[in-house]
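Let's take a walk through a protein structure together, one step at a time. Keep the sequence and the 3D view at hand as you read.

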Amino acid sequence: MFDIRVQAQRFDCGVELEALSQQRTDVGAVASFIGYVRDFNERPDVVALTLEHYPGMTEQQLRLIAEQAARRWPVLAATIIHRVGRMEPGDPIVLVAVASAHRQAAFDACNFIMDYLKTEAPFWKKEHTRTGDYWVSSRESDTLAAQRWEKTDV
Amino acid sequence: MTHFTHLDSKGQAHMVDVSAKAVTARTARASASVTMQPHTLEMILAGGHAKGDVLATARIAGIQAAKRTPDLIPLCHPLMLSRVTVDLHPDPQLPGIRIEATCKLAGQTGVEMEALTAASVAALTLYDMCKAVDKTMLIGDIRVLQKQGGKSGDWLYEADTSAPASAASPVQGSQDAALQVRFFAELREQMQQDELQVAVASLQAADYPLTVAGLSDWLHQQFPALKSGRLMVAVNQQMAELSTALKSGDEVAFFPPVTGG
């Protein structure tokens, strides 16, 4: 039911989204999010970034987050693919896609998984710019985004 | 695909055109070692050599050599180095001297050849300074330890044991009563290593509790390079708190707040 991958290679969004509803007729909605490398962040002129992870723990945390989402919403299937290594502006970093019978559950579960991925999955970004390299700091807004799910009743 | 960049389509040697590559901050770290008779090392440390201060001379030689790298290596680009450091650590375990060279610049190509040349020539100079008392000295461990910046990204030599002996010695505990401590991202860079074994006994000897907080305090005391700030901790690959109790054999990972997605 969950397809969780941490990999260096690019992914094909079309193939991944189709796979979620293939050979089944109970899926009424697939919601997805794709994150890309931006050419600006804490500094302008980002030329590349390197993503590091904690092999073993990262995959396990992503699975826990997907399981949590499936306990709150009627999720039929979910795919989480996160890339690691070096990427350049325009490259896709992450894909989260959720299949459900109805759109609201798919949208909410996808949003929830992304918010928790940002704050609880061990990934770290280092940005390479024309003026030097630095590790990206975590954002307060990401923590608040994840916290709002603690207050909301389903 | 991995291939030799200095060979063209006909297999002939050529200098790579880097004019289209972005200017980025780049750093490379390389090591070398000179193994010698224990009494040779003692003489170096006592400053009793006829040729004068061996370590200072080798350090200057290494720095000078980094600046001459393109004259020595045929297809290497001339670089405007912004920083060269050569550190020499006496290591009685070797016995001998461990050399670590770091080169930095903002440019279009890597600086590992400069770091390797600096480390190699510092080693050769050590040999030259000491050959009158010891002809059996062995030069070894010449390798790149770390690269940062540039197209191929950050790279760290996995079995990085180049940390000075003084930093590593307090944690050479027995394997059967130890914690496996891991560092990620910025913390790995501050520690200059990704893994460390901490003997349970060394925490107990210093009166630190066997908890995440106790281990964290002990590490900060042992390794001043480890900056304080908000850290996340995982024990056996599960998120943990400062109060989480530890036991021998646990894998404890310290890392900065996560920034994926």
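Before we start, one definition will help: helices and strands are runs assigned by DSSP, with at least four residues for a helix and at least two for a strand, and they are numbered from the N terminus. Please also keep in mind that this is a predicted model.

Let's begin with chain B. The UniProt record, an unreviewed entry, places the feature "domain: Molybdopterin cofactor biosynthesis C (MoaC)" at residues 15-150 of this chain. In the model, that span is 34% helix and 32% strand, and its end C-alpha atoms lie 18 Å apart. Taken as a whole, chain B has 8 helices and 10 strands. Its C-alpha trace spans about 60 × 55 × 30 Å along the principal axes. Chain B has 261 residues, and 45% of them count as buried.

Now look for the strands of chain B. Strands of a sheet pair through backbone hydrogen bonds, and they can do this in a parallel or an antiparallel way. In what order do the strands of the open sheet in chain B lie? The order is β2-β3-β1-β4-β5, making 5 strands with antiparallel pairing. At the edges you find β2 (83-91) and β5 (155-156) of chain B, each of which pairs on one side only. Within the sheet, strand β1 (residues 24-35) of chain B runs antiparallel to β4(B), and 8 bridges join the two. To find a spot where they face each other, look for B:T35, which stands opposite B:L138 in β4(B).

The side chains offer another kind of link. B:R98 and B:D141 meet in a salt bridge, with 3.6 Å from N to O. B:R98 lies in strand β3 (residues 96-107) of chain B and B:D141 in strand β4 (residues 138-148) of chain B, so this pair ties together parts that are 43 residues apart in sequence. Are these two side chains buried, or are they partly exposed? B:R98 is partly exposed because its relative accessible area is 24%, and B:D141 is partly exposed too, with 37%.

On the surface of chain B, B:L72, B:I73 and B:M113 make a nonpolar patch of about 240 Å². One of these residues, B:M113, is found in helix α4 (residues 112-130) of chain B. B:M113 counts as partly exposed because its relative accessibility is 31%.

Let's move to chain A and look at its salt bridges; over all chains, the structure holds 15 of them. A:E16 forms one with A:R5, where the closest N and O atoms are 2.7 Å apart. This pair links distant parts of the chain: A:E16 is in helix α1 (residues 13-21) of chain A, while A:R5 is in strand β1 (residues 2-7) of chain A, 11 residues apart. A:E16 is buried, with a relative accessible area of 12%, whereas A:R5 is partly exposed at 25%. Both belong to a network of salt bridges that links A:D3, A:R5 and A:E16. A further salt bridge joins A:R24 to A:D26, with the closest N and O atoms 2.9 Å apart. Here A:R24 is partly exposed, at 32% relative accessible area, and A:D26 is partly exposed as well, at 39%.

Chain A also has a pair of strands to look at. Strand β7 (residues 123-129) of chain A pairs with strand β8 (residues 132-135) of chain A in the antiparallel sense, over 4 bridges. A hairpin joins β7(A) to β8(A) through 2 residues. In this pair, A:K126 stands opposite A:W135 in β8(A).

Finally, let's turn to the cysteines. A disulfide is a covalent bond between the sulfur atoms of two cysteines. How many disulfides does the whole structure hold? A search over all chains finds 0. A:C110 is in no disulfide, and the nearest cysteine sulfur, in A:C13, is 12 Å away. A:C110 counts as buried because its relative accessibility is 6%. Why does B:C76 not bond to B:C103? The sulfur of B:C103 is the closest cysteine sulfur to that of B:C76, but the 11 Å between them is too far for a bond. B:C76 is buried too, with a relative accessible area of 12%.

Key:
Residues numbered from 1 in each chain as written. Chains lettered and ligands numbered in written order. Predicted model: local features only at pLDDT ≥ 70, side-chain atom pairs only at ≥ 80, totals over all residues. Heavy atoms only, no water. UniProt positions renumbered as here; feature names shortened; annotations may be inferred. Pairing = 2+ DSSP bridges. Patch = residues over 30% accessible without salt bridge, like charges linked within 9 Å, V, L, I, M, F, W, Y side chains within 5 Å. Areas by Shrake-Rupley, 256 points an atom, 1.4 Å probe, with all protein chains shown as cover. Salt bridge = Lys/Arg side-chain N within 4 Å of Asp/Glu carboxyl O. Buried < 20%, exposed > 50% of the residue type's maximum accessible area, 1.4 Å probe, protein only. Disulfide = S-S within 2.5 Å.
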